[in-house]
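Hi,

Here is the structure I said I would pass on. Have a look at it first, then read on for what turned up.

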Amino acid sequence: MAPTSTTPSGPRRVSIEHPAYNATSAVYYGSEEAHSRPRTYSTDYSKRRPIIQQNDSRKRHEKVTESAGPRRFLVDVEETIRIVLEQEDTDGDFQISITDSGPKIMSLGTATSNGFKTFDIRGTYMLSNLLQELALAKDHGRKRIVLDESRLTENPVDRLSRMIKTSFWNALTRRIDGDGLEIITADPKNRTANIKPLIYVPHGEPKMAEYYRQVALEKPHLGLQVEVLPKKCDDPYFVKSLNDRPGILALAMRESDDGKGGTTLKGIPFVVPGARFNELYNWDSYFISLGLLVDGMTDMAQGMVDHFVFEIKHYGKILNGSRSYYLCRTQPPFLTDMALQIFNQLDRNKADANKEWLRRAIQAAIKEYHTIWMALPRLDPETGLSRYRPDGVGIPPETEASHFLHILEPYAHKHGLSILDFSEKYNEGEIKEPGLDEYFLHDRAVRESGHDTTYRFEKICANLATIDLNSLLYKYEIDIATAIRDVFDDDLAMDDEFELSPFPPTPEVFERFEKDPSSRVSSLKEAQHSEIWFQRAEFRKQRIDHYLWNESKKLYFDYDTVKKRQINYESVTTFWPLWAGCASEEQAWKLVAHSMSKFEVIGGLVSGTEESRGKISLDRPNRQWDFPYAWPPHQIMTWVGLERYGYLEEAQRLAYRFLYMMTVAFVDFNGTVPEKFDAVKLSHMVDAEYGNQGLDFKMVPREGFGWMNSAYQVGLTFLTQHMRRAVAACTSPEVFFGRASANSEVHVGHHRTLSSTDPFGIAMENLSIN
């Protein structure tokens, strides 16, 4: 007989109107507790022996015996939590997963029998859902609940999608104002002694500065410090001077009624990636916005564009993240596509307001394009292509304390200093080490690329004209041209003054610009027309084909602008030209027919080939943006690109693989939605320098992870109903697509290995000790 949860005793009445089984937790558990006739039935769990059945740990969401209507259980919340954790959580992590060795079975009393009859809850999925539901009920102050069996056996695809839409996005939402400061100022990356909340307000926003000073006075318990930045706030030496005083950067605000007949400022809500990344990020926000749009949260996505426009105006660029240590650094540019996708979903009854909003976004993108991506040092005038090459001084302060120890140790030994003393003297400029300067130039570029870290970029990133960046800038040029032509009557004046980058970009033109300032053109003197932007796009496409396309290998490669040659690393970003539309039909066919197999594995697309990554050892560990890891941006970009060129079946197959991997993790590991996956082992338990994010929760997942949430919502839009049902049943891609049996050969380029496709076997493989 299975262990039985104690049924609540005392006078009770079962509610006739019960919320739908798939209602939000606020609706489902927010109503008053129900009562039934007096009963004293209860089961003493301590006197019962659990019956452990073979293979229960592999069962995910088995049905129990049939009943005439929806089965519901009477549950004592606290006591049942205690029983579930005591019996099933054998590794003590407050989660129920397939690696726990409990019996995977317990009984709950039914509501129709007032707890007298019991039915078994079996398998990891049902038990982990039970634990999650109990945690949610506890959040709402419930001591006793009537729980639908359907909530425990819910289709996992429906459950995860519902949780993302109704719970995860809300949990990841932040606001920078008096009500949101306490949460947003917390920074897990801050390793300094100064842990008091500090907000930096940009120059030219006196009303905003006064608002935050007033918040500091009205909420002294916050200990809030307010500082105003200088107009030139991204000078690398100034930014370095802030390293000991890291703080959140103020973002866009709106005037709002203060309830007293006046107005006040309110922060515009935005969504953060999650875990240790508790601020607004650049390219994360683009992919997050795609998920928000799928879920109908257009206003939230629109507000994130407003923040990017504010950042370009006040901080000179869309920042890597909205913290002081990111002031010199941006990330992959997606603003134009983000703005246009949102614009197309805005209320058509507000046409004038929508057009004005898009105008501000396109103006900001044009400014960013000219002053960041088409300006030195990011632009390489010889090729006319752009690079990730941010300014900066010293050691990036936001990294883990041990991250650079292996780099700094030889230099510290050379100077007869401890690593800490050497780091301080190097950062202050007391010790000069050109080799170390070069290393950190490339390290900052890697972080600006968003791909931190990968052997693709190690010690060369700042010199590379990458295929991903230049595909994105081609898309900028096409988007800007199209918006000017179709929305702004082919004439767009600029509001901010800045220097326009010359076209075509050549070394001779830039040399003349340096010698003769009068040859430079102000943005206020020249309206923007579509023709020049289409010309810029065509010019970049020609340069991409010349420098980055490799006809013999049928792939795009990054180009080293110093050594004047392509690098050999095979990156999955070779498919980004499909998303941008700058590949020819023939190039697209060659990528799909000849090159996709290099990157496609059971769980989707890996970041690069195993051959490109090279051998791994104690002295050469895994990097998280290399093989065998799979990330949402690479999947989404490729799905969309393939669909754009008519390869819908390939896009659907890849989407199925990735969503299958996500669903298996969700089902088998207590609702886990991580930052990234090992797509070969189908595991979120990765062996890379930063580990994984989105795993540290108790009983119920609260946030998932920003762009992984989006990958699920966007990915579902690619699947047919048949594919969706198969994913919900955790049908392996190798079985669904009829390519292999339970144990199949997985091909990765020239790599070939026998790999189990059974999730339990894979999880145990991953936990094995070498």
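Is D489 buried or exposed? It counts as exposed, because its relative accessibility is 64%. Before you go further, keep in mind that this is a predicted model.

**Unusual backbone spots**

D489 is worth a second look for its backbone too: its phi is near 55°, a positive value in a residue other than glycine. You'll find D489 in the loop between α16 (467–486) and β17. N114 also has a positive phi without being a glycine, with a value near 60°. N114 sits in the loop between β4 (105–110) and β5 (118–122), and it counts as buried, at 11% relative accessibility. As background, most residues other than glycine have a negative phi, and most peptide bonds are trans.

On to the peptide bonds. The one from F503 to P504 is cis, with omega near -5°, and P504 lies in the loop between β17 (499–500) and α17 (507–515). The bond from F627 to P628 is cis as well, with omega near 10°. P628 belongs to the loop between α21 (610–613) and β25 (629–630).

Another proline to click on is P377, in the loop between α12 (351–373) and β14 (379–380). P377 is partly exposed, at 30% relative accessibility. Its C-alpha atom is 7.8 Å from that of P390, and the two residues are 13 apart along the chain.

**Cysteines**

How many disulfides does a search of the whole structure find? The count is 0. Take C233: why is there no bond to C328? The closest cysteine sulfur to that of C233 is the one in C328, and at 8.9 Å it is too far away for a bond; a disulfide needs the two sulfurs within 2.5 Å. Both residues are tucked away from the surface: C233 is buried at 3% relative accessible area, and C328 is buried at 8%.

**Salt bridges**

Side chains of opposite charge can pair when their charged atoms come close. Here the whole-structure search finds 54 salt bridges. These are a few to try:

- E78 pairs with K138, and their closest N and O atoms are 3.6 Å apart. The pair links distant parts of the chain, with E78 in helix α2 (residues 77–88) and K138 in helix α3 (residues 123–139), 60 residues apart. E78 is partly exposed at 44%, and K138 is partly exposed at 40%.
- D158 and R724 meet at 2.8 Å, N to O. D158 lies in helix α5 (residues 156–171) and R724 in helix α25 (residues 721–728), so this salt bridge ties together parts that are 566 residues apart in sequence.
- K414 pairs with E433, with 2.9 Å between the closest N and O atoms. K414 counts as exposed, at 58% relative accessibility, whereas E433 counts as buried, at 6%.

There is also a network of salt bridges that links E133, R151, E154, R159 and R162.

**A charged patch**

Last stop: which residues gather in a patch of negative charge on the surface? They are D244, D421, E424 and E428. D421 is in helix α14 (residues 419–427) and counts as partly exposed, at 36% relative accessibility.

Have fun clicking around!

How values were computed. Residues numbered from 1 in each chain as written. Predicted model: local features only at pLDDT ≥ 70, side-chain atom pairs only at ≥ 80, totals over all residues. Heavy atoms only, no water. Patch = residues over 30% accessible without salt bridge, like charges linked within 9 Å, V, L, I, M, F, W, Y side chains within 5 Å. Areas by Shrake-Rupley, 256 points an atom, 1.4 Å probe, with all protein chains shown as cover. Salt bridge = Lys/Arg side-chain N within 4 Å of Asp/Glu carboxyl O. Lys, Arg positive; Asp, Glu negative; His and termini not counted. Charge placed at Lys NZ, Arg CZ, Asp CG, Glu CD. Helix = DSSP H or I, 4+ residues; strand = E, 2+ residues; numbered from the N terminus. Buried < 20%, exposed > 50% of the residue type's maximum accessible area, 1.4 Å probe, protein only.
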